[in-house]
Amino acid sequence: MVTRMAERYALGQLGSSCIGEGRTVLDVGDAKMPLRASGQTGLAIERERHGRDSGELRRLLNSLECKQDEYAKSMILHSITRCVYLLEAEASACTADDIVLVGSMLDDKDNSVKIQALNTLKAFSGIRKFRLKIQEQSIKVLELVSTIWDSELHIAGLRLLNNLPLPDFVHPQLRRVMPALMDILQSDYILAQVQAVRLLSYLAQKNDLLYDILNCQVRSNFLNLFQSTQPGSLLFEILVFAERLSEGRNSPHYRAVKWHYNEQSLHEALFGDESRLADRLLALVIHPEEEVQIQACKVIVSLQCPQDVRVRPSCQPSHSYFNNGE
């Protein structure tokens with residue numbers, strides 16, 4: 001009884017977040033039809049629990065193939081996303097052609113349709129057999145994220161990218177969009193910033209992309225991202241990013257080459273002789289959130305001890321960091 005009540009509550013919460021307040025009508029085909037939200041989806045879940053295919057997800061995908069206006073396409077994609085999360089068996093029975101159909105919605109002229117298509121692809125990416133097919137959309141997603149300044153689209157696109165292992169063939173495109181990712185990181189939209197820095201942290205572990213990240217131009221106030229007044233979720237992620245950059249630049253592989261950086265680069269902002277990163281890190285050691293404190297300490301350790309000598313007890317601080325007893 002408790003389990004069934006919990007499922008109904010979760011369904012109601014997910015339905016309200018996907019459909020939006022007051023939206024109860026969906027265009028299917030040529031006629032207006034009631035949106036099959038909580039009631040129909042609840043029935044579909046009940047049928048799936050008893051081993052029967054409700055056909056709800058297939059009906060929605062078929063309706064997406066019909067000519068629809070932008071609002072209808074957005075609502076259909078909303079419902080498909082909900083069904084993928086809630087109707088596991090029906091979602092797993094979908095085909096690569098269904099992924100291609102959803103992916104084609106990324107070319108729609110309406111941003112809301114693009115956003116809902118990204119959310120639907122994110123839902124399907126949780127099913128292993130679709131991941132390679134969805135990876136094929138990576139370059140298109142990067143193009144959207146880097147050319148359209150829309151915070152909701154940034155969030156949806158970056159969430160999808162963060163849920164996929166990005167293949168090597170995407171790396172050239174990643175180099176081209178690096179300035180856009182850095183701009184999103186320095187924007188004022190916390191959710192988009194968190195998703196952007198998570199992606200950058202992942203990319204910082206790729207040897208062939210590390211220099212492109214470190215040499216990327218940033219604003220003069222970049223270190224404001226390390227201020228204790230920033231939300232804890234963003235601070236934690238930006239500190240993880242800094243630690244991975246520090247470890248990467250101190251690796252023997254990276255240090256074997258003499259790199260040159262422009263004056264406004266991320267490298268100079270974080271690791272240059274004039275950087276005040278040390279001050280920001282020391283202030284975060286006493287941050288109210290424990291995970292921020294711990295991560296700040298990890299960054300300090302990574303700055304003081306190059307990766308190949310960190311195991312030595314006599315490790316001494318590098319001359320560029322914590323100068324004058326800092």
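This report describes the fold, the cysteines, the aromatic pairs, the salt bridges and one histidine of a predicted model.

## Overall make-up

The protein chain has 326 residues, and 48% of them count as buried. Its secondary structure comes to 18 helices and two strands.

Contacts in the protein chain can be sorted by how far apart the partners stand in sequence. Among contacts with a separation of 6 or more, 72% are between residues 24 or more positions apart. Several of the side-chain pairs described below join such parts of the chain, including Lys73 with Asp108 and Tyr211 with Trp259.

## Cysteines

The structure holds zero disulfides. A disulfide is a covalent bond between the sulfur atoms of two cysteines.

Two cysteines can be described by their accessibility. Cys216 has a relative accessible area of 7% and is therefore buried, the limit being under 20%. Cys297, with 35% relative accessibility, counts as partly exposed.

## Aromatic pairs around Tyr211

The structure holds four aromatic pairs. In one of them, Tyr211 and Trp259 are stacked, with 4.7 Å from centre to centre and 25 degrees between the planes. Tyr211 belongs to helix α13 (residues 207-214), whereas Trp259 is in the loop between α15 (252-255) and α16 (266-271), so this pair ties together parts that are 48 residues apart in sequence. Both rings belong to partly exposed residues: the relative accessible area is 23% for Tyr211 and 32% for Trp259.

Tyr211 also pairs with Tyr261, and here the arrangement is tilted, at 5.6 Å centre to centre and 40 degrees between the planes. Tyr261 lies in the loop between α15 and α16 and Tyr211 in helix α13, so the pair ties together parts that are 50 residues apart in sequence. Tyr261 counts as partly exposed, at 21% relative accessibility. Tyr211, Trp259 and Tyr261 are joined by Tyr254 in one aromatic cluster.

## A charge over a ring

Arg249 has its charged end over the ring of Phe271, at 4.5 Å from the ring centre. Arg249 falls within helix α14 (residues 232-249), and Phe271 falls within α16 (266-271).

## Salt bridges

The structure holds nine salt bridges. One of them joins the side chains of Glu56 and Arg59, with 3.1 Å from N to O. Both residues lie in helix α3 (residues 56-65), where they are three residues apart, about one turn of the helix. Their accessibility can be given separately: Glu56 counts as buried at 3%, and Arg59 counts as partly exposed at 37%.

Lys73 and Asp108 form another salt bridge, in which the closest N and O atoms are 2.4 Å apart. Lys73 is in helix α4 (residues 70-86) and Asp108 is in the loop between α6 (96-104) and α7 (111-124), so the pair ties together parts that are 35 residues apart in sequence. Both Lys73 and Asp108 are buried.

A salt bridge also links two helices. The side chains of Glu237 and Arg198 meet at 3.0 Å, N to O. Because Glu237 lies in helix α14 (residues 232-249) and Arg198 in helix α12 (residues 190-203), the pair ties together parts that are 39 residues apart in sequence. Glu237 counts as buried, at 12% relative accessibility, while Arg198 is partly exposed, with a relative accessible area of 37%. Elsewhere, Arg175, Asp208 and Asp212 are linked in a network of salt bridges.

## His154 and its surroundings

His154 lies in helix α10 (residues 151-162). At 2% relative accessibility, against a limit of under 20%, His154 counts as buried. The side chain of His154 reaches the backbone oxygen of Ile148 at 2.8 Å.

Leaving aside residues up to four places away in sequence, His154 touches Val145, Ile148, Trp149, Ile184 and Ala192. Ile148 therefore appears both among these contacts and as the residue whose backbone oxygen the His154 side chain reaches. Ala192 falls within helix α12 (residues 190-203).

Key:
Residues are numbered from 1 along each chain as its sequence is written. This is a predicted model: local features need pLDDT of at least 70, side-chain atom pairs count only at pLDDT 80 or more; totals for chains, interfaces and linings use all residues. Side-chain values use heavy atoms; hydrogens and water are left out. A disulfide is a pair of cysteine sulfur atoms within 2.5 Å. Buried means under 20% relative accessible area, exposed over 50%, partly exposed in between (1.4 Å probe, protein chains only). Rings of Phe, Tyr and Trp (its six-membered ring) pair if their centres lie within 6.5 Å; planes under 30 degrees apart count as stacked, over 60 as edge-to-face and the rest as tilted. Helices (H or I, at least four residues) and strands (E, at least two) are DSSP runs, numbered from the N terminus. A charge sits over a ring if NZ of Lys or CZ of Arg is within 6 Å of the ring centre and within 35 degrees of the ring normal. A salt bridge is a side-chain nitrogen of Lys or Arg within 4 Å of a carboxyl oxygen of Asp or Glu. A polar contact is a pair of N or O atoms within 3.5 Å; within protein, one must be able to donate a hydrogen and the other to accept it, and residues adjacent in sequence count only if both atoms are side-chain atoms. Contact means heavy atoms within 4.5 Å.
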